[in-house]
Amino acid sequence: MAGLTIRNLTKHFGGFTALQNVSIEVKPKEFLAVLGPSGCGKTTLLRMIAGFETVSNGEIEIDGKVVSNTQRSVPPNERRIGIVFQNYALWPHMTVAENIGYSLRVNKVGAADLKRRVDEALALVNLTGMEDRAPANLSGGQRQRVALARCLVAEPALVLFDEPLANLDVHLRASMEDEFAAFHRRTGTTIVYITHDQSEAMALADRIAVMDNGHLMQLDTPEAIYHRPANEMVASFISQGMVIPVTILRPEQDGRCQAEVMGQPITLTCSAGEMPRAGAVACFRAEQVRIAGEGESGFDGQIQRVVYQGGAARIEFVPDVAPDQTIHFEQPDPQPFAAGDRARLCFAGGWLIPAPGRT
Ligand SMILES: Nc1ncnc2c1ncn2[C@@H]1O[C@H](COP(=O)(O)OP(=O)(O)OP(=O)(O)O)[C@@H](O)[C@H]1O
């Protein structure tokens, strides 16, 4: 399986810059998710990797060969890339096997070889026995698997997924997530998976590239992105992290620093070399918020909303000292709170977000 190198990639559409200086290295067999809000440039990036868009600057290398730079662009069909789209794009008048074997027939692959490769692809996506069905007689998840088999049969160096689960219902998404993960474990295919759904990215990817406004914000493992976001965008975009001003009291020691948040002392995890500085902010996760014990110090405030989620509720709380800030946390049943109640909370940890330009 091939690797993919994206170097200083920029894309202008007229006066609009959709991608700005993006560099990403995808290792062979890696599963990389590209995650970001609508309009951040995910599809543009995918289209450039596939060769549907030229580059304004920078270059793309697949398996060590340059396929796009400002001078040249290898056509999509010569890039050995498979693409799985969200709308499957299956031929309705062909059977499952005919759909899967289409590209081989076009390339005049012999009948015996074609059947063997189609059978192998069917087995890879757990569709053996369904070769004679029409796409109309398949479930959404099965159609998506046919689309995957159709792309695998061509033995691509790299498979691009463009929001492949966006059209499926919640239950089917979960089971397809399992299938994609199992498929990746079985085949070791190098995958670039575009999504705006962070739980999908977290569940599937070895690493996640978080994008915003055409810029790469962070490229790291799901755990690092969650626990050590590089900036405020990543902190708040991933799992609605709470970004709150803090005062750093002492320089970093052993990956931690003493700080103050909303008038309360706190120990934050942080990157090496952090020093007291102006404008510091930290990211707090819902599980790092708790109700202060009897007589324990904390910050007082009012419960704004209680949203029941089955087994637990999401509680939204506004602190008296920071009325513009909403703190949210999960409270397991039975629910002690209602909107309007007073409470005292404290934080049990947090991550000091590195100063801008220093990640
Ligand atoms: N051909 C084009 N001409 C002009 N602007 C474009 C073109 N294609 C994309 N854009 C703009 O580039 C930006 C990035 O678009 P892109 O489709 O890559 O975003 P995205 O992250 O995939 O969004 P979504 O999740 O909504 O599909 C958007 O502001 C979009 O309007």
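**View 1. The largest nonpolar core of this predicted model.** There are 99 residues in here, and the members that touch the most others are Leu32, Ala149, Leu160, Val192, Tyr193, Ala209 and Leu352. Helix α4 (residues 140–152) chips in six residues, the largest share. Domain 1 (4–232) and domain 2 (240–352) both contribute to the core, so it sits between the two.

**View 2. Zooming in on Tyr193 and its contacts.** Leaving aside residues up to four places away in sequence, Tyr193 touches Phe31, Leu32 and Ala33. Its other contacts are Phe161, Leu204 and Ala205. Leu32 turns up again here: like Tyr193, it is listed among the core residues that touch the most other members.

**View 3. Strand β7, covered on both faces.** Look along residues 158–162 and you'll find that five of the five are buried. Leu158, Leu160 and Asp162 lie on one side, while Val159 and Phe161 take the other. That is the usual pattern, because side chains in a regular strand alternate between the two faces of the sheet.

**View 4. The neighbours of β7 in the sheet.** Strand β6 (residues 81–85) runs parallel to β7, and five bridges join the pair. Here Ile81 stands opposite Leu158. Strand β8 (residues 191–195) also pairs with β7 in the parallel sense, this time over four bridges. Across that pairing, Leu160 has Val192 as its bridge partner, and both residues are on the list of core members with the most contacts to other members.

**View 5. From β7 to β8 by way of a helix.** Helix α5 (residues 170–187) joins β7 and β8 in making a β-α-β unit, and the unit is right-handed.

Methods
Residues numbered from 1 in each chain as written. Predicted model: local features only at pLDDT ≥ 70, side-chain atom pairs only at ≥ 80, totals over all residues. Buried ≥ 20, exposed ≤ 12 C-beta atoms within 10 Å, placed from the backbone. Helix = DSSP H or I, 4+ residues; strand = E, 2+ residues; numbered from the N terminus. Pairing = 2+ DSSP bridges. Right-handed = clockwise from strand over helix to strand, strands pointing away. Core = buried A, V, L, I, M, F, W, Y, C linked by C-beta atoms within 7 Å. Domains from an automatic or database assignment. Contact = placed C-beta atoms within 7 Å.
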